[in-house]
Structures are given as structure tokens and as C-alpha cells.
Amino acid sequence: MIQMLRLAVRNLGRHRRRSFFSALAMGVALALLLLMASVLHGEYGDAIDLAIRLQSGHLQLRSASYDEVKTSLKWEDLIENPDQVAAQVASIGPVAVATPRLFASGFVTTRDESNGVRVVGIDPTSAANAPYREGMREGQWLTPDDRDGLLIGWTLANRLGLSAGDKVSLSVNTSDGNVDEQLFTVRGIYSTGTSGVDGFTVFLPLAKAQALTGAENRASTIFVMLKDTSQTEPVVAALQAPGLKILTWQDMNELLVETEQVSSSYMVFFYLIVLGIAATVIVNTQIMSVYERTREIGILTAIGMRGRQVMSIFLAESGLLAVGGILLGLAIGGAVVAYFTRYGLPLDVENFGITGMLFRDKIYAWLTVQDTVRLGLMTFIVSLLAGLYPAVLASRMEPVAALRAEK
């Protein structure tokens, strides 16, 4: 076996430039796959994390008749005494925080423009609001007793030309089917780096949102964050909530979960296509090597080398090219992935028209050891398969015909 490797190294060294570019082709292909896998993993992993922290939580408790699409404010569709229900949920060990929230649809109007928004009534003191509080760009955070202040997102503020301290008119639907309008002061401007939230979500203190919409002491949902995502199902089993339905983060982000699963399945085929294209370079290199060394192959077989041994030499050459390609791919791909992990790839979410899922305005790559090993093995196997035909071709040469070949 060692002798075969020595012969393979010697043969590749005859045409170092050609061997280098053959390995480089596989390396570039592997680097591209590492980048694609890291971007895909980073984007969907981040999207799920964003959806949980900003939109769904790990769990939500709602009235059985609540219609999220219509943002229902009818009393029978809301949770009565939500603070009491939230306290009961928060007493369960794995629960990090449980807080009531009230949703309503409305319009923010300035002197020149108006924009449809989703109004969310929150408990300003709840830890569930950390992503918004930490992302404050201007002004100050809300207080529970604020009666004429609201928070708007950075994207919406830029769209309407607003700054902290400006006055806006907020119109909201109410529980009796009417529309109520009131003048508010922009207390602060937050940013989550997500246009889907920052461009359409307005926050009010829960008490003010309840008064404005006529919901009184009611909420649309109990928003629940857990200490560990893996505890979702045990907490669902432990919850006692008669008359309420319990939704998990998988239920509320079904489109995102299914999209990730489908895209991951299809990406395997795309990986093979990219590697297959790059593998043609190895096929061409090895076939060229076979015809260049026809007389040498004839001499080796004439002195007793068997066909499988000749095949082993060419497969060893393919294996060495694969190893070289993997090392180059890890170096190139690692550098590119490291750059996008740190600086991200800008994504104009608003102009893409993506709905139903939350994405940041930048994609940050996230390369896992599992993806690296899997793609490295895939590259090695494809390279060996690419060298199989030239190896078989060399092993089947007749010694007499090979010796008669022209130099």
C-alpha cells in the first residue's frame, strides 16, 4: 500500500501545475459548499431564534376562540385576568418568564403620512421585552403607568421621518368594532435588526392598550419563554389551562420549520451537482494521465503487476487530489465563512417581499462541525468516484497493446 502511495505521489508530481489546479477545483467547490451550508444554517437558525424571541415565544396560551389573523378583540376571544394566568404559568420550573400581551391593528399618522401597524400592549417591566429594550436607538423605555407614550421601530421611524419626542396620531380597532384615535408621544425608537418587526410594530403599556381598545382586564395571549427550548413538550404536559389552547413555537412557526426541512433536503442534491461539475476536472486529469502513461502501464503489467494494483495507483492519485482539494477548500472556505460570520451579508428583506417569517437585515454565517465533516466526506467520495473510470480504463489495458503505443 505504501508503495502504491509513493507511485501516486511521483505520478502527480510529474505535472505539478495540472495536479494543483485539479485539487484547487475541488477545493473551490468545497469552499462554495461550506459557505452555502453556513449561510443556510445561520439564516434559518437565526430566523427560528428571532421568531421565538420576537414573535411567538416558546409557548403561547390563548382563548380557544381567538383568531390571530383577524387580531380579534372580542371579550370572549380574550383571556380574562391575564396577570393571574401568567403568574400560574411562571410558577412552573422550566419557565423563564410568562407575560400577558394584547394585540390590535391600527394606523400611525403623522402630518404627511400614515402607516398600518400592529399595536402590542406589553408589561414594560417583563424580561420578555429584553430584545427591544436592549435595541433602543433613541429616547427611553416605557413605564407601566405611561398614558400617552409609545415605542416605534427604527424602520418605521425612518419611513415616517420620526424621532423621539415627536407627536403621532394612533388609530386602533376596539373591542366593540369601532375605531379609536388618540395623540401619542414617541417615547423611544427601538431596533431589532429585523424589518418585519421594526417596520410595523408599535408598543404601548398593557394598561393603556387595554383602555384604548376597550379590552379592559383582558389580553390576547400569555407569552411564555422557557429556560431551555428542549423543555417545550414537558412544560406543555405540565400546564393546566382549562378553556385555553396551548401553542408551541413549532405550531406558530410551521412555515419556517417546513421551509428549513425542505431546503435542507434539496441542498444535498445541489451539493452533489456542484461537486459533480468540479469532479469532471479530476476525470479529465486522470484520463489524460492514463493515455500519457500507456507504455508505462504496459511495462508494469508485463512484469507482473495485476490490474487491481494498477487501479489502486490511479485511485490513490484521486485520493491524494481529494485530500489536497479538501485542505484547500477548508482554508478558502474557512476564511470566507469567518468573514461572513463576523460581518454578515446584507439582505434587503423589505424589497424581497418575504412574509410569514422573520429575517434579519443581515445574514450571519454559522458553520457547524457536523456540516464541515459531512461536506468534507462528500467531497472525498465524489473525488474517488471521479477517478474510478480512469482507474478501470488503465487496469484493463492489454500489455502488448500498451507496449506498442506511441510515445
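This report describes the overall shape of a predicted model, one of its helices and two residues with positive phi.

## Overall shape

The protein has 407 residues, and its secondary structure comes to 16 helices and 14 strands. The radius of gyration is 31 Å, whereas a compact globule of 407 residues would have one near 22 Å. The C-alpha trace spans about 100 × 50 × 30 Å along the principal axes.

## Burial, surface and contacts

Of the 407 residues, 48% count as buried. The accessible surface comes to about 19,800 Å². Carbon and sulfur atoms hold 58% of that surface. Among contacts with a separation of 6 or more, 78% are accounted for by residues 24 or more positions apart.

## Helix H14

Helix H14 covers residues 369-386, a run of 18 residues. What span should these residues have at 1.5 Å a residue, and how far apart are the end C-alpha atoms? The expected span is 26 Å, and the end C-alpha atoms are 26 Å apart, so the two values agree.

The buried residues of H14 are Asp-371, Leu-375, Gly-376, Met-378, Thr-379, Val-382, Ser-383 and Ala-386. Seen down the helix axis, these buried residues fall within an arc of 160°, and therefore line one face of H14. Their packing partners are four helices: H2 (16-56), H10 (254-292), H12 (307-343) and H15 (388-395). On the face turned away from the buried side, H14 carries the exposed residues Val-369, Gln-370, Leu-377 and Leu-385.

## Residues with positive phi

Most residues other than glycine have a negative phi. Two residues in this model have a positive value: Thr-71, with phi near 45°, and Glu-216, with phi of about 55°. Neither Thr-71 nor Glu-216 is a glycine.

Thr-71 lies in the loop between strand E1 (59-63) and strand E2 (79-80). Is Thr-71 buried or exposed? Its relative accessibility is 17%, and the cut-off for buried is under 20%, so Thr-71 counts as buried.

Glu-216 is placed in the loop between helix H7 (206-213) and strand E10 (218-219). Its relative accessibility is 48%. A residue counts as exposed over 50% and as buried under 20%, so Glu-216, at 48%, counts as partly exposed.

Note on methods: Residues are numbered from 1 along each chain as its sequence is written. This is a predicted model: local features need pLDDT of at least 70, side-chain atom pairs count only at pLDDT 80 or more; totals for chains, interfaces and linings use all residues. Side-chain values use heavy atoms; hydrogens and water are left out. Helices (H or I, at least four residues) and strands (E, at least two) are DSSP runs, numbered from the N terminus. Buried means under 20% relative accessible area, exposed over 50%, partly exposed in between (1.4 Å probe, protein chains only). The expected span of a helix is 1.5 Å times one less than its number of residues. The arc is that of the directions from the helix axis to the C-beta atoms. Contact means heavy atoms within 4.5 Å. The radius of gyration is taken over C-alpha atoms; the globule rule is 2.2 Å times the number of residues to the power 0.38. Accessible areas come from the Shrake-Rupley method with a 1.4 Å probe; for residues, only the protein chains shown count as cover.
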